[in-house]
Amino acid sequence: MAIEVPHWLHWIERPRFEEGTEPYTRRWWALPAVALCVFTIGIDVSIVGIAGPTITTELDASAAELQWTFDSFTVVLAGFVLIGGGLAERFGRKGVLQAGLAIFAVGSLIAAFAGDPPALIVGRAVTGLGAALIFPPALSVLSVLFPETERPRAIGIWAAVAASGMALGPVVGGLLLSEFWVGSVFLVNVPVSILGIVLLAVLLPPSRDEERVGLDLLGALLSLFALGGIIYGLIEGPAQGWTDSTVLAAFAIGIVCGVAFVVWELRTRHPLFDVRVLTMGRVVTGALAMSMVYFTMSSIQLLIPQYLEFVEGYSTLAAGLVMIPLGLALATLSPRSAG
């Protein structure tokens, strides 16, 4: 005899959805779960910025080691982000999102209990790998769940939640650093990541590219070296000199692999990334604008907290409060950008 499920438990039934049919009925419930994934990254990026001065004093980190505490995350994220998108399309967006959150939590644990700068840098690199698996499916899943008429609003909410994490991060970081050890700013990512995994399991339906083609492994490898090489060169150039052999080698590897990546993606039947979209003016303009925003934000989040705490004598909490307008402006304006 069949057992009837109480009506108040229907919302936790396994989500069912087939692409190409009617819109997913619980899509507006699923949106906060997806947005929480990028909220986690937003709060992490901004919270590390406010912790920079404390990392310098408590872990005796040099200027180069502090730089790589930020940049190890960025290099790994840039190198693996296309691979993360390819894995999500081929093997399932939901599963890759959950795997990304799990890796993100593991990296945060490593960073939280790091006893020296090298261990902290490793933890941040692992966290960057998790972020590379989170970002692509967290955005692409919106195009699957929401019809075209609702998509701009959904993307705007998604972006606003991510930016609100950046606004909240400095304050949370300041509060934690005023009461606990420096690792607490990384440990806070763990419960948020676990919550995200649970919410995705309950609210997000499985979806993937129904063609189920194999992963473009050569394209993935070329993109890894292209993006990783160029980003590494940009990071190390100011410190080691733009004519340093290591910096020049990184740029050379990045450029050669980038050209090879474009040629390969144009020839392969199942490209990792359709490079033809780069011929669209709107796409290029949007990408350049986002790059300028994130370059500027990264510089502000690295330098301003150090100036406020080391030069002006601000407490970590006071410095965090000063950083609020940056994230608040993004959270306010992001919903308008989707239209």
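## Thr 40 and its surroundings

Let us start with one residue: Thr 40 sits in helix 1. The model you are looking at is a predicted one, and in it Thr 40 is buried, since its relative accessible area is 0% and the cut-off for buried is under 20%. Setting aside residues up to four places away in sequence, Thr 40 touches Phe 104, Asn 189, Val 192 and Ser 193.

## The chain as a whole

Stepping back, the protein chain holds 12 helices and 0 strands. Read from the N terminus, its elements run α-α-α-α-α-α-α-α-α-α-α-α.

The protein chain has 339 residues, and 46% of them count as buried. Among contacts in the protein chain with a separation of 6 or more, 79% come from residues 24 or more positions apart.

## Where helix 1 meets helix 3

Helix 1 covers residues 27-58, and its axis comes within 11 Å of the axis of helix 3, with a crossing angle of roughly 25°. Helix 1 is therefore roughly parallel to helix 3, because angles under 35 degrees fall in that class. The crossing of helix 1 past helix 3 is left-handed.

Which residues in helix 1 meet Leu 97, Leu 101 and Phe 104 in helix 3? They are Cys 37, Thr 40, Ile 41 and Asp 44. Thr 40 from the opening section thus turns up again here, and Phe 104 is also listed among the residues that Thr 40 touches.

## Ile 197, on helix 7

Helix 7 spans residues 189-203 and includes Ile 197. This residue is partly exposed, with a relative accessible area of 25%.

Ile 197 and Leu 97 are 100 residues apart along the chain, and their C-alpha atoms are separated by 8.0 Å. Leaving out neighbours within four places in sequence, Ile 197 is in contact with Gln 98, Leu 101 and Ala 102. Leu 101 is also one of the helix 3 residues met by helix 1.

## Aromatic pairs

A pair of aromatic rings can be described by the distance of the centres and the angle of the planes. With ring centres within 6.5 Å as the limit for a pair, the count comes to 4 aromatic pairs. One of them joins Phe 113 and Trp 181: the ring centres are 6.1 Å apart and the planes stand at 35°, so the pair is tilted. Phe 113 belongs to the loop between helix 3 (93-112) and helix 4 (117-145), while Trp 181 belongs to the loop between helix 5 (151-179) and helix 6 (184-187), so the pair ties together parts that are 68 residues apart in sequence. Phe 113 counts as exposed at 58% relative accessibility, whereas Trp 181 is partly exposed at 38%.

Another pair is formed by Trp 242 and Phe 251, whose ring centres lie 6.2 Å apart with planes at 25°, so this pair is stacked. The reason for that label is that planes under 30 degrees apart count as stacked. Trp 242 is partly exposed, at 46% relative accessibility.

## Two more spots to look at

Where does Arg 153 lie relative to Trp 28? Arg 153 lies over the face of Trp 28, at 4.9 Å from the ring centre.

Asp 60 is found in the loop between helix 1 and helix 2 (63-91). Its phi is near 50°, a positive value in a residue other than glycine. Is Asp 60 buried or exposed? Asp 60 is exposed, with a relative accessible area of 65%.

Conventions. Residues are numbered from 1 along each chain as its sequence is written. This is a predicted model: local features need pLDDT of at least 70, side-chain atom pairs count only at pLDDT 80 or more; totals for chains, interfaces and linings use all residues. Side-chain values use heavy atoms; hydrogens and water are left out. Rings of Phe, Tyr and Trp (its six-membered ring) pair if their centres lie within 6.5 Å; planes under 30 degrees apart count as stacked, over 60 as edge-to-face and the rest as tilted. Helices (H or I, at least four residues) and strands (E, at least two) are DSSP runs, numbered from the N terminus. Buried means under 20% relative accessible area, exposed over 50%, partly exposed in between (1.4 Å probe, protein chains only). A charge sits over a ring if NZ of Lys or CZ of Arg is within 6 Å of the ring centre and within 35 degrees of the ring normal. Axes are lines fitted to C-alpha atoms, for helices over the stretch in contact, and angles run from 0 to 180 degrees between N-to-C directions. Angles under 35 degrees count as roughly parallel, over 145 as roughly antiparallel, 65 to 115 as roughly perpendicular and the rest as oblique. A crossing is left-handed if the near helix is turned anticlockwise from the far one by less than a right angle, and right-handed if clockwise. Contact means heavy atoms within 4.5 Å.
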